[in-house]
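Work through the exercises below with the sequence and the structure at hand. Try each task before reading its solution.

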Amino acid sequence: MGDFPSRVEPQPVTVVESERFQELVAAAEALLDELTARYVVERRETKEPLGDGGEVVRTVRLMPHSPAAGPLSICFPDTSARIVLRLGRWFEQSLPGYQDDIDELRKLAVAHVEGGLWERIRRGLSGSWLETRLIGPEITVSREAPVDAVEARAARREGFATPVQWSPWTRRP
């Protein structure tokens with residue numbers, strides 16, 4: 001029977017963490033404004049679930065007018081000190097709000113906007129896997145994850161059975 005508490009109380013977010021997170025939110029908002037002004041995109045702001053059955057959060061999505069260019073969205077959860085960046089169909093990155101995260105947010109977005117993201121579904125012996133690769137001037141990220149059969153079939157119908165490289169976004173005149 002040691003000295004362990006029966007449950008762990010959540011720790012409050014410190015003032016420093018809160019300030020860092022507000023800096024990340026401000027940087028994300030500035031990035032969205034910059035991309036909207038620079039590229040031919042439609043900006044949509046909605047409330048959407050974050051993850052499976054997760055909280056409903058404010059989400060800002062930039063949809064390029066070219067269907068060959070992939071979307072970018074940023075989710076702003078109210079209950080956690082982080083933002084979530086989504087690129088293309090599957091790429092997702094949670095950023096908790098440190099200075100490095102502000103730099104990483106910009107690097108990931110720039111790589112995607114310049115056409116550095118490719119995605120595909122691959123069949124394996126034990127099921128299907130999604131693969132994503134994001135390559136930019138200062139960043140390279142590769143990921144694999146299992147995907148359920150329904151999602152895999154839908155992705156194959158949409159052309160993701162072969163690698164799909166999203167096109168660069170079109171600049172405004």
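The exercises go from the chain as a whole to its sheet, its salt bridges and its largest pocket.

The model is predicted, so local features need pLDDT of at least 70 and side-chain atom pairs count only at pLDDT 80 or more, while totals for chains, interfaces and linings use all residues. Residues are numbered from 1 along each chain as its sequence is written, and side-chain values use heavy atoms, with hydrogens and water left out.

**Exercise 1. The chain**

Task: State how many helices and strands the chain has, and in which pattern they follow each other.

Solution. Step 1: Apply the rule for elements: helices (H or I, at least four residues) and strands (E, at least two) are DSSP runs, numbered from the N terminus. Step 2: Count them; the chain has 3 helices and 9 strands. Step 3: Read along the sequence, which gives α-β-β-β-β-β-α-β-β-β-α-β. Step 4: Look at burial, where buried means under 20% relative accessible area, exposed over 50%, and partly exposed in between (1.4 Å probe, protein chains only). The chain has 173 residues, and 39% of them count as buried.

**Exercise 2. The open sheet**

Task: Give the strand order of the open sheet of 5 strands and find its edges.

Solution. Step 1: Recall that strands of a sheet pair through backbone hydrogen bonds, either parallel or antiparallel. Two strands count as paired if DSSP finds at least two bridges between them. Step 2: Write down the order, which is 1-2-3-4-5 with antiparallel pairing. Step 3: Find the edges. Strand 1 and strand 5 (91-95) each have a single partner strand, so one side of each is left without a neighbour in the sheet. Step 4: Note the twist, which averages 20° from one strand to the next. For such angles, axes are lines fitted to C-alpha atoms (for helices over the stretch in contact), and angles run from 0 to 180 degrees between N-to-C directions.

Step 5: Check the pairs one by one.

- Strand 1 and strand 2 are antiparallel over 9 bridges, and R43 has L62 in strand 2 as its bridge partner.
- Strand 2 and strand 3 are antiparallel over 5 bridges, and V60 stands opposite I74 in strand 3.
- Strand 3 (residues 72-76) and strand 4 (residues 83-87) are antiparallel over 4 bridges, and C75 has V84 in strand 4 as its bridge partner.

**Exercise 3. Salt bridges**

Task: Explain what the salt bridge between R61 and E48 ties together.

Solution. Step 1: Use the criterion: a side-chain nitrogen of Lys or Arg lies within 4 Å of a carboxyl oxygen of Asp or Glu. Step 2: Check the pair; R61 and E48 meet at 2.8 Å, N to O. Step 3: Place both residues. R61 lies in strand 2 (residues 56-64) and E48 in strand 1 (residues 41-49), so the pair ties together parts that are 13 residues apart in sequence. Step 4: Compare exposure; R61 is partly exposed at 22% relative accessible area, whereas E48 counts as buried at 16%.

Task: Find which side chains meet E131 in salt bridges.

Solution. Step 1: R120 meets E131 at 2.6 Å, N to O. R120 lies in strand 6 (residues 117-124) and E131 in strand 7 (residues 127-136), so the pair ties together parts that are 11 residues apart in sequence. Step 2: R122 also meets E131, at 2.7 Å, N to O. Step 3: Add the accessibilities. E131 is buried at 10%, while R120 is partly exposed at 22% and R122 is partly exposed at 23%. Step 4: Turn to the network; salt bridges that share partners join E29, D33, R43, E45 and R58. The whole structure has 15 salt bridges.

**Exercise 4. The loop residue G70**

Task: Decide whether G70 is buried or exposed.

Solution. Step 1: Locate G70 in the loop between strand 2 and strand 3. Step 2: Read its relative accessibility, 0%, at which G70 counts as buried. Step 3: Relate G70 to R89: they are 19 residues apart in sequence and 7.6 Å apart in space, C-alpha to C-alpha.

**Exercise 5. The largest pocket**

Task: Describe the lining of the largest pocket by residue class.

Solution. Step 1: Define the pocket. On a 1 Å grid over the protein atoms alone, it is an open set of points where a 1.4 Å probe fits, with protein on both sides within 12 Å along at least five of seven lines; lining residues have an atom within 4 Å of a point. Step 2: Sort the lining into 5 nonpolar (Ala, Val, Leu, Ile, Met, Phe, Trp, Tyr, Cys, Pro), 5 charged (Asp, Glu, Lys, Arg) and 3 polar residues (the others, Gly among them).
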